[in-house]
Amino acid sequence: MIRYTAFCKIVEYGSFTKAAEALGYTQAAVSQMIRSLESEYKLTLMTRTRTGVHLTPEGEILYPYIQKTVASARALQDKAREIIAMDAGEIRIGAVSSVSQHLLPQMIQKFGQTYPHICFRLYESDYTTMGDWLRSGYVDFCFADLTAMHGFHTILLAKDYFMAVLPEDHPLTHNSVVPLSALGSEPMIAAEEGNVSTVLSSLSSIGIKPNVQYIAHDDNTILALVEQGLGFSILPAMVLDKTNYRFKALPTSPVIERHIGIVYQEMEQMPLASQQFLHYLTESPKDYITGHYRYVSE
């Protein structure tokens, strides 16, 4: 199994050296593991170039299967540990940055009071990548806008409203509400959300084709661009709770909202620690859902 784990680590880090450091092996030992794997399957799975390690076409085909094998082995190891009073275990979570920054810390802190030895691994990305992570078993579950994730089981936790984020000297800052139609031709700074964008889809549904001139993954980068007057953005209220950037945030007309929740494949296939964490989240959501967004019980 260590050969499969080494293979996945090399792909994750793009480097034999970094993978060896993460696993606590020498680079020579990790290289031998990959040679052994390639010899067993009689295939070349990886190539090294000046820009790093790359999968061969054969490696690309086998990688998802190897990921699932590693995930299953990890689940088996965790299950054995969890039987001993959940004294150990690992929870792997995918999330959009707004949730990982504004909701997850409170969730983890409260859960950790009861289960202090559980390890959390947090991965941020867009909705498309998170879907791939769920299907491969790379993460146990994700926090996302449920309207952007399809083909999975979901649990609704909260609703969050999007706000128009404007430079401080924008003429619409004197309004109490910003008509989205008034922003149609202005430069927009859009958030990278993968193949499905809640904001862009909502704008399209009301006949607005925004003038997107910048796309950024990180919310703080977007706010910095708005502060410099490079354009406007439309961001979840959750993102705007804690920030030092200078801008004006106003409600939009029509309203755009997102449904924040948990997305997963099959509950019984998760490690017990992950199942217990989700049970806690759904039993006491009012402990950590506060602010502009709101808990929903339906």
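Start by selecting Glu90 and Arg74: they form a salt bridge, with the closest N and O atoms 3.9 Å apart. Glu90 sits in strand β3 (residues 90-95) and Arg74 in helix α4 (residues 57-83), so this pair ties together parts that are 16 residues apart in sequence. Both residues are buried. Keep in mind as you click around that this is a predicted model.

**Stay on Glu90**

Leave Glu90 selected and add Arg121. Here is another salt bridge, and its closest N and O atoms are 2.7 Å apart. This pair links distant parts of the chain, with Glu90 in strand β3, Arg121 in strand β4 (residues 119-124), and their positions 31 residues apart. Are these two buried or partly exposed? Glu90 counts as buried because its relative accessibility is 12%, while Arg121, at 34%, counts as partly exposed. Now add Arg92 and Asp140 to the selection: salt bridges that share partners join Arg74, Glu90, Arg92, Arg121 and Asp140 into one network.

**Over to helices α1 and α3**

The structure holds ten salt bridges, and Arg3 with Glu40 is one of them; their closest N and O atoms are 2.5 Å apart. Colour helix α1 (residues 2-13) and helix α3 (residues 27-41) to see what is being joined: Arg3 lies in α1 and Glu40 in α3, so the pair ties together parts 37 residues apart in sequence. Show the surface here as well. Arg3 counts as partly exposed because its relative accessibility is 22%, and Glu40 is partly exposed too, with a relative accessible area of 42%.

**A short walk to Ser15**

Move along to Ser15, in the loop between α1 and α2 (16-23). With a relative accessible area of 16%, Ser15 is buried. Which residues does Ser15 contact, leaving aside its neighbours within four places in sequence? Pick out Ile10 and Val53 and you have them.

**The hairpin**

Next, select residues 46-49 and 52-55. These are strands β1 and β2, which run antiparallel and are joined by four bridges. Together β1 and β2 form a hairpin, with two residues between them. To check the register, put labels on Thr47 and His54: His54, in β2, is the bridge partner of Thr47. While you have the strands on screen, one general point: in a regular strand the side chains alternate between the two faces of the sheet.

**A nonpolar patch**

Switch to a surface view and select Leu200, Val212 and Ile215. They form a nonpolar patch on the surface, with about 230 Å² of accessible area together. Zoom in on Leu200 and you will find it in helix α8 (residues 198-205). Leu200 counts as partly exposed because its relative accessibility is 31%.

**Zoom out**

Finish with the whole protein chain in cartoon view. What does the secondary structure come to? You should find ten helices and 13 strands. Along its principal axes the C-alpha trace spans about 65 × 45 × 35 Å. Colour by burial next: of the 298 residues in the chain, 48% count as buried. The chain exposes about 14,600 Å², and carbon and sulfur atoms supply 51% of that. If you like contact maps, pull one up: among contacts between residues at least 6 apart in sequence, 71% join residues at least 24 apart.

Definitions and conventions:
Residues numbered from 1 in each chain as written. Predicted model: local features only at pLDDT ≥ 70, side-chain atom pairs only at ≥ 80, totals over all residues. Heavy atoms only, no water. Patch = residues over 30% accessible without salt bridge, like charges linked within 9 Å, V, L, I, M, F, W, Y side chains within 5 Å. Areas by Shrake-Rupley, 256 points an atom, 1.4 Å probe, with all protein chains shown as cover. Salt bridge = Lys/Arg side-chain N within 4 Å of Asp/Glu carboxyl O. Buried < 20%, exposed > 50% of the residue type's maximum accessible area, 1.4 Å probe, protein only. Pairing = 2+ DSSP bridges. Contact = heavy atoms within 4.5 Å.
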